[in-house]
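Reader: I'd love a close look at one part of this model, a place where two helices pack against each other. Could you walk me through it, and then show me what lies around it and where the two chains meet?

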Amino acid sequence: MCTVCGCGEGETRIEGGHEHTHVHADGTVHTHAHGHGYKPAHRHDHEPAVSGDLDYGTGPARAHVPGMSQSRMVQIEQDILSKNNAYATANRRAFDERGIFALNLVSSPGSGKTTLLVKTIELLKDKLTISVVEGDQQTSNDAERIRATGVPALQINTGKGCHLDGHMVGHAMARLQPADESLFLIENVGNLVCPAAFDLGEHHKVAILSVTEGEDKPLKYPDMFAAADVMLLNKCDLLPYLEYDADEAEANARRVNPNLTIFRVSASSGDGLSAWVSWIQSGLEAQRAKRSETVAALKRRVTELERQLAVK
Amino acid sequence: MHEMSLAEGVLQLVEDTARREKASRVRLVVLEIGQLSAVEPAALKFCFDAVTEGSIAQGAALEIVVVPGAGWCMACAETVPMQERYSVCPRCGSHQIEATGGMEMRVKEIEIE
């Protein structure tokens, strides 16, 4: 349940991590898990419960005048999500530097995210390198389904948490070591509310809506559809058997987010997946192009500096 | 939504500041929450009391300053008040309205001693 750090307070577990126990200066003992590639940078000391002396000169006002309160206001002016956003920004920078294309898949439970991922991977795995992060409260069932396709996958269990955050994904990257110019897929916890607010550093959020849910879901849970750039309308092979108006669902989604790119797909029959897969390929191509442009620009800069040095 | 995580985010910012200022106690935490942000002030207050228990901010009062929502209506070509994130323009009824204010979720200041 920890917003920015899976280590301290929450029940987050990253697969393959090992638990260890600390004894603090004040005698407090606690146990928590770390992934193996993780270099602990956080502090383990606790504030003592009671300090020994009463020294009024060290109070926040750094002086004591009898009768005058020691309390004072301190401006903070910081966004509540600023720590998460800083982790997400670092993740995005790492993705960009290495030409990786990262997608964050979000939906309610049962929309077919994992099946869709498995099918997408099967269509793409011979053409590009893929790694997957799976977020769920419990079990590593989903990561095992992904691994069965032959692609590396890492399960993050959020425990009581309802979403993945930027810090968890940073750890997952360190563990998975995604290849340069590869595809990085994050399947968020099945939840149409909370993951909307937590940037993971991905390039696009992809919302999945299945035709067995209501047409008005984008209106009921607008934040998620507003945060997404792409919507996949899944299980479209069932449309003949349902009283579901796919056009109305799309119109509702566009009312919340006019810029939404929508694909109608069926993960089980494979219908419509080719358009989605080529959208992914062009996204990765753009990341590669951006990276080689950066590399080329740096090389030009080095050549220019070397030339200037030679002149001197 | 996720008010518990947000309350923990608030507590972290408060604890960082209190530690830096060598405070012994936090008396008051002032937040700015936009009307159009996805935060329910009542739920946040409830969670704040739960997460601050046993911390330096235990028993601190929580003050939530609600920042009114505002949006730019393309049809009216002006800023209009907005009650909900995905609503129509209250003047002309157009859907072409983009939220421009009232999305804040900030810790503004704290009172320490």
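Author: In this predicted model, the axes of helix α2 (residues 113-124) of chain A and helix α8 (residues 273-311) of chain A come within 10 Å and cross at roughly 70 degrees. An angle from 65 to 115 degrees counts as roughly perpendicular, and α2(A) and α8(A) are therefore roughly perpendicular to each other. The crossing of this pair, α2(A) with α8(A), is right-handed. If you want to find the touching residues on your screen, look for K119(A), T120(A), L123(A) and L124(A) on the α2(A) side, and for L273(A), V277(A) and I280(A) on the α8(A) side. Sorted by character, the residues of this contact come to five nonpolar, one polar and one charged.

From here it helps to step to a residue that touches part of the surroundings. L185(A) sits in strand β8 of chain A. Its contacts, leaving out residues up to four places away in sequence, are L103(A), L105(A), L117(A), I130(A) and V132(A). Because it has 25 other C-beta atoms within 10 Å, L185(A) is buried; the cut-off for that label is 20 or more. For a sense of distance, take T294(A): L185(A) and T294(A) are 109 residues apart in sequence and 24 Å apart in space, C-alpha to C-alpha.

Strand β8 (183-187) of chain A also has a part in covering helix α4 (residues 166-176) of chain A. Helix α4(A) is mostly covered, with eight of its 11 residues buried. Those buried residues are G166(A), H167(A), M168(A), V169(A), H171(A), A172(A), M173(A) and R175(A). Besides β8, the cover over them includes β1 (13-14), α1 (82-97), β6 (130-136) and β7 (153-157) of chain A. After α4(A) comes Q177(A), which has a positive phi, near 45 degrees.

Here is the wider setting in chain A. Its secondary structure comes to eight helices and 11 strands. Of the 312 residues in chain A, 38% count as buried. Among contacts in chain A with a separation of 6 or more, 70% are between residues 24 or more positions apart.

Now for the place where the chains meet. The contact takes 29 residues from chain A and 28 residues from chain B. On the chain B side, the elements that give two or more residues are α1 and β6 (105-112) of chain B. The most comes from α1(B), with nine residues. The residues on this side of chain B divide into 12 nonpolar, six polar and 10 charged.

The strand β6(B) takes part in a sheet that spans both chains. Six bridges join strand β4 (residues 72-79) of chain A to β6(B), and the two run antiparallel. To see this pairing up close, find V74(A), which stands opposite I110(B) in β6(B). The open sheet has four strands in the order β4(A)-β6(B)-β1(B)-β2(B), with mixed pairing. Its edge strands, each pairing on one side only, are β4 of chain A and β2 (61-67) of chain B. On average, neighbouring strands of this sheet are turned by 20 degrees against each other, direction ignored.

Within chain B, strand β1 (residues 26-34) pairs with β6(B) in the antiparallel sense over seven bridges. Here L28(B) has E111(B) of β6(B) as its bridge partner. Helix α1(B) packs on the sheet, touching β4 of chain A along with β1 and β6 of chain B, and its direction makes about 40 degrees with that of β6(B).

That helix also gives you a second helix pair to set beside the one we began with. The axes of α1 (residues 3-20) of chain B and α2 (residues 41-52) of chain B come within 8 Å and cross at roughly 55 degrees. The helices α1(B) and α2(B) are therefore oblique to each other. Their crossing, α1(B) past α2(B), is right-handed. From α1(B), the contact uses E3(B), M4(B), L6(B), A7(B), E8(B), V10(B) and L11(B), and from α2(B) it uses A43(B), L44(B), C47(B), F48(B), V51(B) and T52(B). By character, these residues divide into 10 nonpolar, one polar and two charged.

Technical notes. Residues numbered from 1 in each chain as written. Chains lettered and ligands numbered in written order. Predicted model: local features only at pLDDT ≥ 70, side-chain atom pairs only at ≥ 80, totals over all residues. Axes fitted to C-alpha atoms, helices over the stretch in contact; angles between N-to-C directions. Parallel < 35°, antiparallel > 145°, perpendicular 65-115°, else oblique. Left-handed = near helix turned anticlockwise from the far one by under 90°. Contact = placed C-beta atoms within 7 Å. Nonpolar A, V, L, I, M, F, W, Y, C, P; charged D, E, K, R; others polar. Buried ≥ 20, exposed ≤ 12 C-beta atoms within 10 Å, placed from the backbone. Pairing = 2+ DSSP bridges.
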